[in-house]
Amino acid sequence: MRNVIGPRTLAAMLVGVAALTGCGEDKKSAAPQLPERTCFGVFTRADLEPLMGYGETVEVSGPADARLTASRRSATCNVAVDGRGRVLVTATRQPLGQSFVWPPTDPPVPDPLPLGDKGIVWDTGARVALTCKGSKDSFELELGLSGSVEHVKAGTSRTLFTALMTKFLESAKQQTECGA
């Protein structure tokens with residue numbers, strides 16, 4: 001004699017097995033908890049959350065500020081979630097008269113960004129270069145932002161990077177004493 005399982009019993013068993021093994025739905029972990037301020041003290045948690053995605057562990061590396069001098073010529077901040085880079089923020093200082101060479105960006109073509117002396121924004125980041133002439137010191141300054149946009153609503157990343165760069169530029173000018 002064979003044991004026959006009816007369709008209702010089979011369905012109930014499958015639901016029970018799925019619940020026990022976690023195979024029901026793919027559950028994403030919550031958005032990771034960023035520090036209240038990050039990347040040279042410029043960005044708030046809310047500023048960077050659109051680029052973070054899901055995960056458990058946030059790691060922020062970089063100096064506390066972007067105070068660049070003739071001897072400290074660059075600063076980099078990297079924000080990673082579960083070991084995957086999500087945001088990269090850079091500031092580079094060089095002597096007056098040297099120009100920055102920007103490598104090509106991923107398609108589509110970047111848009112001009114009306115910040116500093118020269119600026120561009122593209123789907124995964126933004127760059128700005130400016131000349132800082134002050135009574136104490138004059139130098140060239142380049143600021144860069146890039147980030148993972150896989151969790152950003154399509155068509156909104158350039159607006160996001162423009163807003164982030166605008167905020168970064170104002171803070172970096174103060175921190176580097178650009179024009180002071």
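From the N terminus on, the elements of this chain run α-β-β-α-β-β-β-β-β-β-β-α. That comes to three helices and nine strands. Both kinds of element are DSSP runs numbered from the N terminus: helices are H or I runs of at least four residues, and strands are E runs of at least two. The model is predicted, so local features need pLDDT of at least 70, side-chain atom pairs count only at pLDDT 80 or more, and totals for chains, interfaces and linings use all residues. Residues are numbered from 1 along each chain as its sequence is written, and side-chain values use heavy atoms, with hydrogens and water left out.

Start with the sheet. Seven strands form an open sheet in the order S3-S4-S5-S9-S8-S7-S6, and their pairing is antiparallel. Two strands pair if DSSP finds at least two bridges between them. Which strands sit at the edges? They are strand S3 (58-61) and strand S6 (111-112), each of which pairs on one side only. Now look at strand S8 (residues 125-133) and strand S9 (residues 138-147). These two run antiparallel and are joined by nine bridges. One example is arginine 127, whose bridge partner in S9 is glycine 144.

Helices pack on this sheet. Helix H2 (residues 45-52) touches strand S4 (74-81) and strand S5 (84-95). The direction of H2 makes about 120° with that of S5. Helix H3 (residues 157-175) lies across S5, S6, strand S7 (118-122), S8 and S9. H3 runs at about 145° to S9. For these angles, axes are lines fitted to C-alpha atoms, for helices over the stretch in contact, and the angles run from 0 to 180 degrees between N-to-C directions. Contact means heavy atoms within 4.5 Å.

Contacts also link distant parts of the sequence. Among contacts between residues at least 6 apart in sequence, 54% join residues at least 24 apart. Glycine 41 and phenylalanine 168 give an example of distance in sequence and space. They are 127 residues apart in sequence, and their C-alpha atoms are 9.7 Å apart. Glycine 41 lies in the loop between strand S1 (37-38) and strand S2 (43-44).

What lies inside? Buried residues make up 37% of the 180 residues in the chain. Buried means under 20% relative accessible area, exposed means over 50%, and partly exposed is in between (1.4 Å probe, protein chains only). In soluble globular proteins, nonpolar side chains tend to be buried together. A nonpolar core is a set of buried Ala, Val, Leu, Ile, Met, Phe, Trp, Tyr and Cys residues joined through side-chain atoms within 4.5 Å. The largest such core here has 37 residues. Which of them touch the most other members? They are Phe43, Val89, Met165 and Phe168. H2, S4, S5, S8, S9 and H3 each supply at least two residues of this core. H3 gives the most, with seven. Apart from this core lies another, of five residues, among them Phe100, Trp102, Trp122 and Ala129.

Phenylalanine 43 deserves a second look. Leaving aside its neighbours within four places in sequence, its contacts include Leu48, Val89, Leu145, Leu164 and Phe168. Charged residues are also listed, including Glu36, Arg37 and Lys167. Thr38 is another of its contacts.

Next come the disulfides. A disulfide is a covalent bond between the sulfur atoms of two cysteines. Here it is a pair of cysteine sulfur atoms within 2.5 Å. How many does a search of the whole structure find? It finds two. With the bonded cysteines numbered in sequence order, the pairing is 1-2, 3-4.

One disulfide joins cysteine 39 to cysteine 77, with an S to S distance of 2.1 Å. Cysteine 39 lies in the loop between S1 and S2 and cysteine 77 in strand S4, so the pair ties together parts that are 38 residues apart in sequence. The torsion about their S-S bond is about -65°, so this disulfide is left-handed. Both cysteines, 39 and 77, are buried.

The other disulfide is formed by cysteine 132 and cysteine 178, whose sulfur atoms are 2.0 Å apart. Cysteine 132 lies in strand S8 and cysteine 178 in the segment after H3, so the pair ties together parts that are 46 residues apart in sequence. This link is left-handed too, with -95° about the S-S bond. Cysteine 132 counts as buried because its relative accessibility is 0%. Cysteine 178 also counts as buried, at 15%.

Finally, check two backbone angles. Cysteine 39 has a positive phi of about 50° although it is not a glycine. Aspartate 82, in the loop between S4 and S5, has a positive phi near 50° and is likewise a residue other than glycine. Is each of these buried or partly exposed? Cysteine 39 is buried, with a relative accessible area of 3%, whereas aspartate 82 counts as partly exposed because its relative accessibility is 43%.
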